[in-house]
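Here is a short report on one model. It starts from a single residue and works outward to the sheet, a helix and the ligands.

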Amino acid sequence: MIAIISGASSGIGFEFAKQIDDKNYEEIWLIARRAEKLNHLKKILKTRAKILALDLCEEKSFEIIEDELKKTDKKIGLLINSAGVGINDYYKKTSLEDDLRTIDLNIRALISLSKISLKYLKKNGIILNISSSASFIPQPKFAIYGASKAFVLYYSRAIRREFKDIKVSVLCPNRVMTEFIKDDDKKTIKDLGNEDIKKLVRKALKQMGKKDIISPHPLSKLLLLISKVIPHSLIMKFEKMLGMY
Ligand SMILES: NC(=O)C1=CN([C@@H]2O[C@H](COP(=O)(O)OP(=O)(O)OC[C@H]3O[C@@H](n4cnc5c(N)ncnc54)[C@H](OP(=O)(O)O)[C@@H]3O)[C@@H](O)[C@H]2O)C=CC1
Ligand SMILES: N[C@@H](C=O)C(=O)O
């Protein structure tokens, strides 16, 4: 049985790889563009690792992954779709190229990897998709990213109910200090919601498959709750007052 992690070269994906190292997978497949970072991770892991240094915004990467899956006799026990990007800026300031890359990686790549994996997932295998607390309400100054993560949330919850023998969960972290957070976005009010990456991943591994939405941080939980009971327009007004956009 193998585990596949996209976005394994840094941040949350990297931490997942470390924390599943003692979970008895025969191999962990590590996907991201930076081969040197993946090689470094491979050296740390006790489990055998396969490095797939691929750009998931390129169509041919999925042919390569599928070819590798065809070649192996092992089934997938766990697929973690962690690769993701997001630009925290006003819509008129981000380039169309960056907007489309966000969609390509956060949505197209996640769907492609999941779809390809279906044939190779073992009975009761798990797909864990990484969304965000940014998926709960529209995100001014983070519009494309927030909308892409809302897609991941809705899509994951829907397919979970279609499958009998595959478990799908969606993780909605609040804010984690990884390469994802650029210097300009540090030291903002959002820092109040920073979460510990080790704790986040530990909780996700415990709850994946069993729970539909996994949102360990209290602020993430609170936002999910208020997004259901308070009009989004009011929440966004409040965020404006807090200077979030
Ligand atoms: N950090 C945070 O506050 C939060 C993050 N999230 C989500 O968690 C996930 C992981 O983010 P995080 O670990 O924080 O961010 P990082 O920037 O640390 O990691 C992003 C990962 O995605 C990979 N990646 C980026 N572009 C591509 C590409 N074109 N092809 C293949 N891989 C790519 C990167 O590897 P490489 O550059 O080597 O290709 C890297 O491994 C993302 O989906 C993010 O949206 C959700 C909520 C909060
Ligand atoms: N939730 C975080 C990203 O997904 C953020 O708001 O920075």
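Asn 124 is exposed, with 12 other C-beta atoms within 10 Å. The classes are set by counting other C-beta atoms, placed from the backbone, within 10 Å of a residue's own: 20 or more is buried, 12 or fewer is exposed, and in between is partly exposed. Asn 124 sits in strand E5. Its phi is positive, about 65 degrees, although Asn 124 is not a glycine. Most residues other than glycine have a negative phi. Lys 141 also has a positive phi, near 70 degrees. Lys 141 lies in the loop between E5 and helix H5 (143-162). With 16 other C-beta atoms within 10 Å, Lys 141 is partly exposed.

This is a predicted model: local features need pLDDT of at least 70, side-chain atom pairs count only at pLDDT 80 or more, and totals for chains, interfaces and linings use all residues. Residues are numbered from 1 along each chain as its sequence is written, while chains are lettered from A and ligands numbered from 1 in the order in which they are written.

**The sheet**

Seven strands form an open sheet in the order E3-E2-E1-E4-E5-E6-E7, with parallel pairing. Strand E3 (48-53) and strand E7 (213-214) stand at the edges with a single partner strand each, so one side of each has no neighbour in the sheet. Helices (H or I, at least four residues) and strands (E, at least two) are DSSP runs, numbered from the N terminus. Two strands pair if DSSP finds at least two bridges between them.

The table lists four parallel pairs, with one residue pair for each.

| Strand pair | Bridges | Opposed residues |
|---|---|---|
| E1 and E2 | five bridges | Ile 5 and Leu 30 |
| E2 and E3 | six bridges | Ile 31 and Leu 52 |
| E1 and E4 | five bridges | Ile 5 and Ile 80 |
| E4 and E5 | five bridges | Leu 78 and Ile 126 |

Ile 5 thus appears twice: opposite Leu 30 in E2 and opposite Ile 80 in E4. Ile 2 stands opposite Ile 76 in E4. Side chains in a regular strand alternate between the two faces of the sheet.

Which strands are covered? E4 is mostly covered, with six of its six residues buried. E2 is mostly covered too, with five of its six residues buried.

The chain passes from E1 through H1 to E2 in a right-handed β-α-β crossover. From E2 the chain goes through H2 to E3, and this β-α-β crossover is right-handed. E4, helix H4 (residues 96-118) and E5 also make a right-handed β-α-β unit. Right-handed here means that, with the strands pointing away from the viewer, the path from the first strand over the helix to the second runs clockwise.

**Helix H1**

Helix H1 (residues 11-19) lies across E1, strand E2 (27-32), E4 and strand E5 (121-130). H1 runs at about 165 degrees to E1. Such angles run from 0 to 180 degrees between N-to-C directions, with axes fitted to C-alpha atoms, for helices over the stretch in contact.

How many residues of H1 are buried? Seven of the nine are, so H1 is largely enclosed by the rest of the structure. Among them are Phe 14, Glu 15 and Phe 16. The buried residues of H1 pack against E1, E2, helix H2 (35-44), E4, E5 and helix H6 (197-207). Contact requires C-beta atoms, placed from the backbone, within 7 Å.

**Asp 212**

Asp 212 is found in the loop between H6 and E7. Asp 212 counts as partly exposed, with 14 C-beta neighbours inside 10 Å. Leaving aside neighbours within four places in sequence, Asp 212 is in contact with Arg 157, Arg 160 and Ser 169. Asp 212 and Glu 15 are 197 residues apart in sequence and 21 Å apart in space, C-alpha to C-alpha.

**The ligands**

There are 29 residues around ligand 1. Gly 7, Gly 11, Arg 33, Arg 34 and Gly 84 come nearest. H1 gives the largest share of this shell, three residues. The shell around ligand 1 divides into 13 nonpolar, ten polar and six charged residues.

Around ligand 2 are Ser 132, Ser 133, Ala 134, Asn 174, Arg 175 and Lys 190. These divide into one nonpolar, three polar and two charged. A residue is near a molecule if its C-beta atom, placed from the backbone, lies within 6 Å of it. Ala, Val, Leu, Ile, Met, Phe, Trp, Tyr, Cys and Pro count as nonpolar, Asp, Glu, Lys and Arg as charged, and the others, Gly among them, as polar.

Notes
Two residues are in contact if their C-beta atoms, placed from the backbone, lie within 7 Å.
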